[in-house]
Amino acid sequence: MAPSILIFMVGLLYVVIFWTLSLLRRERLSNQFAYEGLSLTVIAFAAVQWGGIAFHPIYFIIFIYFVTMRLRLLVELGNLISGSGRHNQALALYRLALHLFTDRSSRLIALINMGAAYLALARPDRAIEVLESAKAHTSKQLGPKHAAGCCYNLGMAYRRAGRYVDALRQFTEVGDIYPMSVYARFAERARNATLEEAGMATFVPKKEPDVDW
């Protein structure tokens, strides 16, 4: 097979596989991801076919992956840094990711993780601001895992801000979004703790499943 055709097939397969994964995760398909992936594939095909440039398909896959997944890679790096307790440095990476030209799904994921970092820094008001802006679009754009995570973190932010009714509403919504999951169990615990903390345990009927991020 000609090198240019191989490059083209590899790029096309890359786009198809990631679109399929988005469907399996029940995320909204990203047109921008497809445009970027196909554009890079066509450029690489032309460079090999008519420009006399030769490079291994593996290098092309690595290149196209880093370009199309740039925001999510920054978010993952931010999560690693946040996990080690360096939440301010993680926030800097999330902010950098938001300034990159990327699709809405990736931006929402960055905002959800940014909200979690603000929670870790004991800044619930700032977390509420960020997570409320993300939650307005998560159910339409992202799969149940991220949507449940957004609700759980928002519920925790409300709880720490003393807004117990709002917190309980979010914890219950997590269970509705992603029932029978580990997220639901975490949210159930957070809900019970919130009821006790607010002195509402004897007045609120037993709830439905809940979820955490």
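Here is a short briefing on the helices of this protein, how three pairs of them pack, and the pocket they help to line.

The model is a predicted one. The protein has 10 helices and 0 strands, so its pattern along the sequence is simple to read: α-α-α-α-α-α-α-α-α-α. Along the principal axes, the C-alpha trace spans about 75 × 35 × 25 Å.

**The largest pocket**

- You may want to start with the largest pocket, whose volume is about 490 Å³.
- There are 25 residues in the lining, and those closest to the centre of the pocket are R25, M69, R72, I109 and H146.
- Which helices supply at least two residues each of this lining? They are α1 (3-24), α3 (57-68), α4 (70-83), α6 (104-120) and α8 (144-160).
- The helix that gives the most is α4, with 5 residues.
- By class, the lining of the largest pocket is made up of 10 nonpolar, 8 polar and 7 charged residues.

**How helix pairs are described**

- A pair of packed helices is described by two quantities, the angle between the axes and the distance between them.

**α1 with α3**

- The axes of α1 and α3 cross at roughly 40 degrees and come within 10 Å.
- That angle makes α1 oblique to α3, because only angles under 35 degrees count as roughly parallel.
- The handedness of the α1 and α3 crossing is right-handed.
- On the α1 side, the contact uses L6, I7, V10, G11, Y14 and F18; on the α3 side, P57, F60, I61, I64, Y65 and T68 take part.
- No charged residues appear in the contact of α1 with α3, which has 10 nonpolar and 2 polar ones.

**α5 with α6**

- Helix α5 covers residues 87-98 and packs against α6 at an angle of about 160 degrees, with the two axes 9 Å apart.
- As a result, α5 is roughly antiparallel to α6, the cut-off for that label being over 145 degrees.
- Where α5 passes α6, the crossing is left-handed.
- From α5, the residues H87, L91, Y94, R95 and L98 meet R107, A110, L111, N113, M114, A117, Y118 and A120 in α6.
- This contact of α5 with α6 holds 9 nonpolar, 2 polar and 2 charged residues.

**α6 with α8**

- Between α6 and α8 the packing angle is about 30 degrees, and the axes are 10 Å apart.
- Why are α6 and α8 roughly parallel to each other? Their angle is about 30 degrees, and angles under 35 degrees count as roughly parallel, so α6 and α8 receive that description.
- The α6 and α8 crossing is left-handed.
- Helix α6 brings I109, I112, A116 and L119 to this contact, while α8 brings H146, G149, C150, N153, M156, A157 and R160.
- The contact of α6 with α8 has 7 nonpolar residues, 3 polar residues and 1 charged residue.

**Linking the pocket and the packing**

- I109 and H146 are among the residues closest to the centre of the largest pocket, and both also belong to the contact of α6 with α8.
- Helices α1 and α3 each supply at least two residues of the pocket lining, and these helices also meet each other, with F18 and T68 among the residues in contact.

Notes: Residues are numbered from 1 along each chain as its sequence is written. This is a predicted model: local features need pLDDT of at least 70, side-chain atom pairs count only at pLDDT 80 or more; totals for chains, interfaces and linings use all residues. Side-chain values use heavy atoms; hydrogens and water are left out. On a 1 Å grid over the protein atoms alone, a cavity is a set of points where a 1.4 Å probe fits but cannot get out, and a pocket is an open set with protein on both sides within 12 Å along at least five of seven lines; lining residues have an atom within 4 Å of a point. Grid points are joined across faces, edges and corners, and a volume is the space filled by probe spheres set on the points. Helices (H or I, at least four residues) and strands (E, at least two) are DSSP runs, numbered from the N terminus. Ala, Val, Leu, Ile, Met, Phe, Trp, Tyr, Cys and Pro count as nonpolar, Asp, Glu, Lys and Arg as charged, and the others, Gly among them, as polar. Axes are lines fitted to C-alpha atoms, for helices over the stretch in contact, and angles run from 0 to 180 degrees between N-to-C directions. Angles under 35 degrees count as roughly parallel, over 145 as roughly antiparallel, 65 to 115 as roughly perpendicular and the rest as oblique. A crossing is left-handed if the near helix is turned anticlockwise from the far one by less than a right angle, and right-handed if clockwise. Contact means heavy atoms within 4.5 Å.
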